[in-house]
Amino acid sequence: MALSTPTVTLPFKCIIDSNPSKLNPFFSTSRPKFNSTHILLPVVDSGKWRNMVSFFPGFLTRGRDVERLKVELYETIAPLDRGAQATPEDQQRVDQIARKLEAVNLVKEPLKSDLLNGKWELLYTTSQSILQTQRPKLLRPNGKIYQAINVDTLRVQNIETWPFYNQATANLVPLNSRRVAVKFDFFKIASLIPIKSPGSGRGQLEITYLDEDLRISRGNRGNLFILKMVDPSYRVPL
């Protein structure tokens with residue numbers, strides 16, 4: 001998450017900041033046989049019918065656009081080593097695709113959506129506090145990085161894997177239906193040594209795109225975060 005770095009000195013940084021359709025079974029080319037003395041003709045509101053006809057092509061077009069943009073996004077960030085190898089041009093291209101997805105986001109109130117629940121893997125970020133590109137590669141987080149969120153308890157957990165295995169947990173304070181303040185309460189070194197937060201580890205995060213498997217967020221420092229869902233059943237420790 002793009003959260004501000006806590007004042008406590010730690011050996012790690014935390015995430016803050018188309019197939020042809022089948023024939024319609026309701027229509028037939030053969031002429032139906034009716035009992036001429038008992039014919040019931042439904043009244044059709046032609047205006048509503050036209051609205052329905054115009055709605056579905058638009059809905060399908062938007063769905064295709066979203067999937068195309070997601071594929072383009074995944075292909076663009078795949079060789080960038082979670083953002084560590086991204087040039088300014090790469091960053092600009094990723095940001096452009098992300099903004100196109102944000103423009104067609106259907107989940108307008110992500111903090112009220114169950115789609116947010118679970119463990120997400122960080123695929124890309126512009127946050128230097130996470131990437132640590134100024135350090136030698138062996139001293140950076142080289143394994144996968146996860147962030148888990150539970151909206152019912154308003155808890156979040158950041159999880160590093162190889163080589164440090166550090167963790168951090170925090171409470172979320174909703175500022176609106178898309179943005180939260182993040183207040184860290186515990187850090188864990190090497191997944192073993194717990195350290196209570198002094199209270200200065202805070203930041204904000206806005207969820208700008210959300211669906212079943214992709215989440216885009218932006219931090220209060222302008223950093224971009226792109227994550228994919230890996231475990232929707234995961235629960236953050238209370």
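In this predicted model, strand S5 and strand S6, the latter formed by residues 193-196, pair in the antiparallel sense over four bridges. Within this pairing, Phe186 stands opposite Lys196 in S6. The hairpin of S5 and S6 has three residues between the strands, and in this hairpin Ala190 takes a positive phi near 55°.

The largest nonpolar core has 23 residues, and those with the most contacts inside this core are Leu116 and Val182. Several strands contribute to the core, since at least two of its residues are supplied by each of S1 (118-125), S2 (145-150), S4 (167-174), S5 (179-189), S7 (202-210) and S9 (224-231). Strand S5, which also pairs with S6, provides the largest share of this core, namely four residues. Apart from this core lies another one, of 18 residues, which includes Val94, Val104, Tyr124 and Tyr209.

The model also contains enclosed space, and the largest cavity has a volume of about 80 Å³. This cavity is lined by Asp81, Arg82 and Ala84, together with Ile130 and Leu131, and further by Lys137, Arg140, Pro141 and Asn142. When the lining of the largest cavity is sorted by class, four residues are nonpolar, four are charged and one is polar.

Key: Residues are numbered from 1 along each chain as its sequence is written. This is a predicted model: local features need pLDDT of at least 70, side-chain atom pairs count only at pLDDT 80 or more; totals for chains, interfaces and linings use all residues. Side-chain values use heavy atoms; hydrogens and water are left out. A nonpolar core is a set of buried Ala, Val, Leu, Ile, Met, Phe, Trp, Tyr and Cys residues joined through side-chain atoms within 4.5 Å. Buried means under 20% relative accessible area, exposed over 50%, partly exposed in between (1.4 Å probe, protein chains only). On a 1 Å grid over the protein atoms alone, a cavity is a set of points where a 1.4 Å probe fits but cannot get out, and a pocket is an open set with protein on both sides within 12 Å along at least five of seven lines; lining residues have an atom within 4 Å of a point. Grid points are joined across faces, edges and corners, and a volume is the space filled by probe spheres set on the points. Ala, Val, Leu, Ile, Met, Phe, Trp, Tyr, Cys and Pro count as nonpolar, Asp, Glu, Lys and Arg as charged, and the others, Gly among them, as polar. Two strands pair if DSSP finds at least two bridges between them.
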